[in-house]
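Me: I would like the terms used for this model justified one at a time. Please set each value against its criterion.

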Amino acid sequence: MNGAPPPAGSIVCAFAEVADGNSHVVTFADGFELIVVRTGDAVFGYVNECKHLQVGLNLLDDHACETNAGTILCQYHYATYRFEDGYCIAGPCQGDSLTPVPLAVRAGRIVIATGSAAK
Ligand code: FES
């Protein structure tokens with residue numbers, strides 16, 4: 001299970017590590033796992049925990065989630081979450097949402113933004 005995200009200002013990864021339209025899963029020293037997705041210059045972060053069975057979405061790859069056309073796919077039962085708000089548009093937990101972790105881009109790095117509400 002995931003804990004709380006790191007404090008605001010913590011470095012997540014380099015912006016260049018997340019390809020446009022793709023995802024990157026970052027595991028912090030305390031075990032907290034964060035999904036980062038990117039569309040153009042915008043990045044979005046979510047706790048790596050599917051709303052269906054509370055497991056990480058990335059069954060087959062330690063460092064990335066499966067993505068398709070601006071959505072994140074859980075590799076267990078294919079819940080499909082939108083990049084921009086984490087809302088589940090299809091699958092067993094349709095209508096629920098991933099827990100957001102606000103991110104910002106600073107000097108080529110993705111950092112935890114202020115206002116993180118994830119617990
Ligand atoms: S655990 Fe993610 S869809 Fe079932």
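The exchange below goes through the strands and the core of this predicted model.

Me: What makes S1 and S10 a pair?
Reply: Two strands pair if DSSP finds at least two bridges between them. Three bridges join S1 to S10, and the strands run antiparallel, so the criterion of at least two is met. Within this pair, Ile 11 stands opposite Val 111 in S10.

Me: Why is one side of strand S1 and of strand S9 left without a neighbour in the sheet?
Reply: The open sheet has three strands in the order S1-S10-S9, with antiparallel pairing. Strand S1 (11-14) and strand S9 (103-106) stand at the edges and have a single partner strand each, so one side of each has no neighbour in the sheet. From one strand to the next, the twist averages 30°.

Me: How do you know that S3 pairs with S2 and with S4?
Reply: Strand S2 (residues 23-27) and S3 share five bridges, and S3 and S4 share six; pairing needs at least two, so both qualify. Both pairings are antiparallel. Val 26 has Leu 34 in S3 as its bridge partner, while Arg 38 stands opposite Val 43 in S4.

Me: Which residues take a positive phi in the hairpins of S3?
Reply: In the hairpin of S2 and S3, with five residues between the strands, Gly 31 has a positive phi near 95°. The hairpin of S3 and S4 has two residues between them, and Gly 40 in the turn has a positive phi of about 65°.

Me: What makes S3 mostly covered?
Reply: Six of its seven residues are buried. Buried here requires 20 or more other C-beta atoms within 10 Å. S3 also supplies at least two residues of the largest nonpolar core, which has 24 residues, with Val 36 among those with the most contacts inside it.

Technical notes
Residues numbered from 1 in each chain as written. Predicted model: local features only at pLDDT ≥ 70, side-chain atom pairs only at ≥ 80, totals over all residues. Core = buried A, V, L, I, M, F, W, Y, C linked by C-beta atoms within 7 Å. Buried ≥ 20, exposed ≤ 12 C-beta atoms within 10 Å, placed from the backbone. Helix = DSSP H or I, 4+ residues; strand = E, 2+ residues; numbered from the N terminus. Axes fitted to C-alpha atoms, helices over the stretch in contact; angles between N-to-C directions.
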